[in-house]
Amino acid sequence: MKLTGAEIFIECLKAEGVDTIFGYPGGAVLYLYDELYKSADSVRHILARHEQGAIHAAEGYAKSTDKPGVAIVTSGPGATNAVTGIADAYMDSVPLVVFTGQVPRPLIGNDAFQEVDIVGITRPCVKHNFLVTEVEKLAETIKKAFHIATTGRPGPVLVDIPKDLTIDTTEFVYPDSINMRSYQPTVKGNKKQIKKAVDLILEAKQPVIYSGGGVISSGASKQLTALARRLHYPITNTLMGLGAYPATDKQFLGMLGMHGTYEANQSMHNVDILIAIGSRFDDRVTGNIEKFCPNARIIHIDIDPASISKNVSVDVPIVGDVKEVLNAIEIELDSRDDNIPDQAALEKWWQQIAVWRSKECLKYDQANDKEIKAQYVVEKLWEVTKGDAYVSSDVGQHQMWAAQFYKFDKPNRWLNSGGLGTMGFGLPAAMGAQVAHPEATVTCITGDGSIQMCIQELATCMQEGLPLKIINLNNGFLGMVRQWQEFFYQKRYSSVRMEKQVNPDFVKLAEAYGHVGMRIEKPEDVEAALKEAFAMTDRLVFMDFITKQEANVYPMIPAGAGLNEMILV
Amino acid sequence: MRHVISILLENETGALSRVAGLFSARGYNIKSLTVAPTDDPSLSRMTLVTHGEPQIIEQIIKQLNKLIDVVKVMDLPQGSYIVREMLLLKVASSSTDDCALIKRISDIFRARIIDVKKRTYTIELTGRSDKLDSFIEAFECQTVLEVVRSGAMGIARGNIALHL
Ligand SMILES: Cc1ncc(C[n+]2csc(CCOP(=O)(O)OP(=O)(O)O)c2C)c(N)n1
Ligand SMILES: [Mg+2]
């Protein structure tokens, strides 16, 4: 039987097991939306209030599950509004399939109403994109899109569908599998390299495991944890990698990098064998590259060959899926008679680390302060949610405090815009996670600046009944920018003030959207308020914490400095 | 160091701009780029000439391989490849002296005169890029009206071959 392009689109979604799609309608996708209407039972469409929100929601959905996020937007402005989200997903390797409507084929190139070359615009920020030119190619293209988005190093794939194609008809055949001669990601690590890596691992006297978001993408936390425990090596996570190794465990050094812990960064600086797993030596992690890990020999496991020796040249590169490679390393270790590293050296190393730890680089003083400290709120949040919530964050100081103080013990719980650093990510991402996990506790740690970038999604939460808990760490500033202006621009606070008279009344704002709003101004009220809010499991609560205005995130590595040159409090 | 990189890519719309976009987005230099379909109509072959430190070249190759439309990439082995470029040159000739000179230079370089009009000569020359450079230089005293260069095409020597 022949189906229309729009019908084929729906059938493909069903074939891919897509039960949720985030989006926003418009002229070019009317036929697609008509089919979504008819198939509402099998594919739930979540109407965001801005296309950026739809994409971030799809990201939140994907990051909190092992499924790709799916979104649909209209042509022109719908598509351009989606670009920030797509770029965000690209930087953080989030598997997404984004459908954009396009003007009818005869009009393409004529500056038609709501026409943009979205394939051209997004080319540098997608894993791949397609303009579908014939209805006969639609099903296969969608199959390819899902295949590319979810395999290898995951990423966003965009499929641009001209409107007239959605009413053309053809026989529907969904390919069972796809084989692309030009796309064959390497999954298994090279055996020789694995042997070499194990040699190095066992030689280590001052080792560090430095793992990133790739471990989470690969679903390899179990393997990572097992390896770290068996070797008893210290481990640090990147911002993207939090949760891959339990943060409450003794071997965990905390996050590394610009606002990482003193012990993590000092260990990195003094490491002799660095085991980098699913991490990409980002500049926020390495600090000044010239001074990075001066004495280390480096093993680097990554699915993306281009991530290897891009910023830092490594000694033992292993291209492959982290899970596969870690399994292979485990087997190799088991096969050796002598597979215990130098215990005396390791003991000394841990003693050294204990000295660094004793600096207590994250300590802060709430007891003697009448104003609420953001750190305190996050710590209490962790307690009240028993460390088991899905936590999204926006971008700024609050994000760093969230990363430092919410101790993630499980993967896929921390939803965060690391690579692009997109303000506005937090609320819609939390929304996506709540859609994926209706029964779970989902919270968004945000700032008074960031929350206003996608505040409109409060309406989506109302419409869909998403009982998020929003923790607004309201410091009356674009705090992270203010911090830099304080440190490096002699306190010339240029366009960062958003104090009371400028910021909206967030409590009323929440109420206007039909949610519960709370304002918390005193440290002694923090815990009770959190308990009260999290007890309201059936509704969204917006908690506006009025926090210390000019607080700074410590420790910090100033730009251009090495990991051993941290500013402590 | 100069590297000649051969690429087989899917003959899809947009494939070329993915490659060109990669170079501009990542700040890699392109000295020249040529592309045309191959005997297999689903594939195009591109020759890209670039300069860079070994580490940059390694990144270029990896990034190229990462593009979904790129099927195969080969950095032609140093010292063991052949590069050819084609030049179409139009020079003015106002006197019989000019004509003689143009003909003589063309003979020396084994170039072919492919069009002669009242006041112009059009010459075709194929060879290594530096040969083309010298040829153009040889016309220093003439009025050169137009220079059209194809960009380099490269192929490895011997039995190293880039194919599927
Ligand atoms: C879309 C976007 N625009 C600008 C920035 C630059 N920026 C980074 S942090 C920040 C301040 C964020 O303020 P707020 O959300 O209040 O968080 P705070 O730092 O105060 O906790 C800004 C403007 C950004 N990351 N994203
Ligand atoms: Mg703020």
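Which residue in S17(A) is the bridge partner of Val391(A)? In this predicted model, where local features need pLDDT of at least 70, side-chain atom pairs count only at pLDDT 80 or more and totals for chains, interfaces and linings use all residues, that partner is Thr443(A). Residues are numbered from 1 along each chain as its sequence is written, chains are lettered from A and ligands numbered from 1 in the order in which they are written, and side-chain values use heavy atoms, with hydrogens and water left out.

**Strand S17 of chain A**

- Strand S17 (residues 442-447) of chain A, a DSSP run of type E with at least two residues, as helices are runs of H or I with at least four, numbered from the N terminus, has six of its six residues buried, so it is largely enclosed by the rest of the structure.
- Buried here means under 20% relative accessible area, with exposed over 50% and partly exposed in between, for a 1.4 Å probe and protein chains only; Val442(A), Cys444(A) and Thr446(A) point one way from S17(A), Thr443(A), Ile445(A) and Gly447(A) point the other way, and all are buried.
- Pairing requires that DSSP finds at least two bridges between two strands, and strand S15 (residues 390-393) of chain A pairs with S17(A) in the parallel sense over four bridges.
- S17(A) also pairs in the parallel sense with strand S18 (residues 469-474) of chain A, over five bridges, and in S18(A) the bridge partner of Thr443(A) is Lys469(A).

**The second largest pocket**

- A pocket is an open set of points on a 1 Å grid over the protein atoms alone, with protein on both sides within 12 Å along at least five of seven lines, whereas a cavity is a set where a 1.4 Å probe fits but cannot get out; lining residues have an atom within 4 Å of a point.
- The second largest pocket has a volume of about 1100 Å³ and is lined by 41 residues, of which Tyr90(A), Asp304(A), Gln63(B), Lys66(B) and Leu67(B) lie nearest its centre.
- Helix H4 (77-91) of chain A and, from chain B, helix H1 (15-25), helix H2 (54-66) and strand S4 (70-75) each supply at least two lining residues, and H1(B) gives the most, with five.

**The largest cavity**

- The structure holds one cavity of 30 Å³ or more, and the largest cavity has a volume of about 40 Å³.
- The residues lining the largest cavity include His398(A), Trp401(A), Asn475(A) and Lys548(A).

Terms used
Grid points are joined across faces, edges and corners, and a volume is the space filled by probe spheres set on the points.
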